[in-house]
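Here's a walk through one model, with a lysine, a sheet and a few backbone oddities on the route. Have the viewer open and follow along.

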Amino acid sequence: MSSSSAVWLVSALVVLATLIHGSHALTFNLDPNTEECFFEDVATGIKVSGSFQVSTGGFLDVDVAVTGPDDRVVYSVQRETEGRFTFISQTAGTYKLCFSNKMSTVTPKTVSFTMHTGEKADSELAEKKHLTPLESTVMKLSETLSQIQEEQEYMRFRERAHRNTSESTNARVLWWSMLEAMVLVAVSVLQIFFLKRFFETHSGPV
């Protein structure tokens, strides 16, 4: 096999291996005092990873829980702004990822999350012993690409949250500065008015 054919084959296999892995990314609004859940069918022994980020709303906190088909909680946090999780599915079935904003009664929040399902973590290890060097390289490249994709999505979430925080802070500073300016103008006008009245009242014919 020529070097150009090998490069083409590696590229094609990497793209194919990357497309086979499940990947989901979503941004949604979470209303106050509500819970939103998302579902994913996963086989046994599959590596599942994900991340989440609260970009707007209140104290930027949310409750998150991942539950297996046997109702076993595999990941759970309370009042977190961001987080990441990784686990190996022990039971085949539907896994549930839930976001709760029940601690808030008036403030909606914007939540972004990703969820990736990879290949089997244990059952395919024996098969890897029979792979050619080229196939082993393709699998390593695929795993690396998946990790890079997860990291890029996580960093995009963080950048979006920081940008929203910065814009919100700038808007508050702007409104506060305008309020201070109006207060100063009002105080100056009142001072001029009372000083004028004071001198008019105390002035008279000598």
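## A lysine to start with

Is Lys109 buried or exposed? This is a predicted model, and in it Lys109 comes out buried, with a relative accessible area of 3%. The cut-off for calling a residue buried is under 20%, so Lys109 qualifies at 3%. You'll find Lys109 in strand 8, which covers residues 109-120.

So what does the side chain of Lys109 touch in there? One polar contact, at 2.6 Å, links it to the side chain of Asp61. Another, at 3.1 Å, goes to the side chain of Asn101. Skip the neighbours within four places in sequence, and the contacts of Lys109 include Phe28, Asn29 and Leu30. Val54, Thr56 and Gly57 are also among them, as are Met103 and Ser104.

## The four-stranded sheet

Now for the sheet. Four strands make up an open sheet in the order 2-7-4-5, and the pairing is antiparallel. Strand 2 (35-42) and strand 5 (73-80) sit at the edges; each has a single partner strand, so one side of each has no neighbour in the sheet. On average, neighbouring strands here are turned by 10° against each other, ignoring direction.

Going across the sheet, strand 2 and strand 7 (residues 93-100) run antiparallel and are joined by eight bridges. Two residues of strand 2 make handy landmarks: Cys37 has Cys98 as its bridge partner in strand 7, while Phe38 is partnered by Leu97. As a rule, side chains in a regular strand alternate between the two faces of the sheet.

Next comes the link between strand 4 and strand 7, again antiparallel, with five bridges. Strand 4 (residues 62-67) also pairs with strand 5 in the antiparallel sense, over five bridges. Which residues stand opposite Thr67? In strand 7 it's Lys96, and in strand 5 it's Val73.

## Backbone oddities

Most residues other than glycine have a negative phi. A few residues here go the other way, so they're worth a click in the viewer.

Asn33 has a phi near 60°, a positive value, and it isn't a glycine. Asn33 belongs to the loop between strand 1 (22-30) and strand 2. Asp71 also takes a positive phi, near 65°. Asp71 is in the hairpin of strand 4 and strand 5, where five residues lie between the strands.

Where does Arg79 fit in? Arg79 is in strand 5, with a positive phi of about 55° even though it is not a glycine. Arg79 is also exposed, with a relative accessible area of 52%. The cut-off for exposed is over 50%, so Arg79 makes the call at 52%. Its strand, strand 5, stands at an edge of the sheet with a single partner strand.

Definitions and conventions
Residues are numbered from 1 along each chain as its sequence is written. This is a predicted model: local features need pLDDT of at least 70, side-chain atom pairs count only at pLDDT 80 or more; totals for chains, interfaces and linings use all residues. Side-chain values use heavy atoms; hydrogens and water are left out. Buried means under 20% relative accessible area, exposed over 50%, partly exposed in between (1.4 Å probe, protein chains only). A polar contact is a pair of N or O atoms within 3.5 Å; within protein, one must be able to donate a hydrogen and the other to accept it, and residues adjacent in sequence count only if both atoms are side-chain atoms. Contact means heavy atoms within 4.5 Å. Two strands pair if DSSP finds at least two bridges between them. Axes are lines fitted to C-alpha atoms, for helices over the stretch in contact, and angles run from 0 to 180 degrees between N-to-C directions.
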